[in-house]
Amino acid sequence: MNSSRYFALIPAAGIGARLGADIPKQYMPLAGRPMLTHVLTTFAAASVISHVFVVVSADDGYIGELMAAAPHLQGRVSVLFDGGPSRRESVLNGLQAIRPLVGDDDWMLVHDAARPGLTGGLIEHLIETLQDDPVGGLLALPVVDTLKRSDQQTRVEQTVERTALWAAQTPQMFRYSLLLRALRLADAVTDEAGAVELLGLQPRLVEGSPRNFKVTLPHDVALAEMFLKEKS
Ligand code: C5P
């Protein structure tokens with residue numbers, strides 16, 4: 001056993017343009033509560049998590065109301081107004097802002113605000129699998145569909161071999177100092193694992209759940225609500 005602690009960091013400074021809603025997608029109501037409230041509640045309720053940090057943009061006009069409506073998050077969740085123009089920068093800014101509060105070897109679980117289907121069970125499964133791992137890793141799902149690469153006319157150019165392909169989810173779990181170094185050096189990565197890979201390391205893939213999908217397009221909303229209603 002080691003004495004490292006576990007912290008959650010939720011980048012929530014995006015606007016979610018693909019969803020086409022008139023408010024940023026993390027604040028969209030789902031099963032009666034903003035999407036972000038579901039995510040924060042799941043982490044706040046996980047006793048293994050020491051504290052939860054959420055990164056919003058400097059001019060965010062919604063988080064105050066969200067926190068006021070969720071007294072169960074008081075003392076468990078801190079808001080950082082340090083969001084950047086990309087997900088990578090939001091996470092990096094958040095890590096830099098909490099520097100005095102965390103140790104180099106503490107684990108950071110970085111999770112999308114747009115994956116409200118995460119459960120306490122998945123958090124525990126990820127931590128149990130990775131707690132002694134030298135690198136860290138991420139929840140992911142083996143790809144089950146046959147994959148096609150398209151040309152510019154949406155015609156099949158190639159069938160892509162799916163064996164050994166996984167779709168990355170979050171949380172992605174890495175030690176604080178490693179993640180900070182990786183994100184500082186990386187440029188155009190779309191997830192934390194991508195930055196760690198650029199250091200020549202191999203994050204471990206831990207099987208997640210289809211319910212932990214990212215709400216991205218309008219038709220995702222009804223499916224997410226169905227799962228959340230079942231969960232509560
Ligand atoms: O847009 P997408 O769904 O890929 O965003 C993934 C996560 O990254 C979301 O939680 C979103 O709020 C966050 N993000 C961010 N800062 C940005 C862009 C996205 O915190 N500039």
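In this predicted model, a backbone N or O atom of Ala 113 lies 2.9 Å from an oxygen atom of the ligand, a polar contact in the sense of a pair of N or O atoms within 3.5 Å. Taken alone, the ligand exposes 460 Å², and the protein buries 85% of that (accessible areas by the Shrake-Rupley method with a 1.4 Å probe). Two further contacts join the picture: a polar backbone atom of Pro 11 is 2.6 Å from an oxygen atom of the ligand, and an N or O atom in the side chain of Lys 25 is 2.9 Å from a ligand oxygen.

Stepping back a little, 15 residues surround the ligand, each with a heavy atom within 4 Å of it. The closest are Pro 11, Ala 13, Gly 84, Ser 90 and Lys 214. By residue class, this shell divides into six nonpolar, four polar and five charged members, with Gly counted as polar.

As for the whole protein, there are seven helices and eleven strands (DSSP runs of H or I with at least four residues, and of E with at least two). The protein is as compact as a globular protein of its length, because its radius of gyration of 17 Å is close to the 17 Å that the globule rule gives for 232 residues; the radius is taken over C-alpha atoms, and the rule is 2.2 Å times the number of residues to the power 0.38. Along its principal axes, the C-alpha trace spans about 50 × 40 × 35 Å.

Residues are numbered from 1 along each chain as its sequence is written, and side-chain values use heavy atoms, leaving out hydrogens and water. Local features need pLDDT of at least 70 and side-chain atom pairs count only at pLDDT 80 or more, while totals for chains, interfaces and linings use all residues.

Definitions and conventions. Polar contact = N/O pair within 3.5 Å; in protein donor to acceptor, adjacent residues only side chain to side chain.
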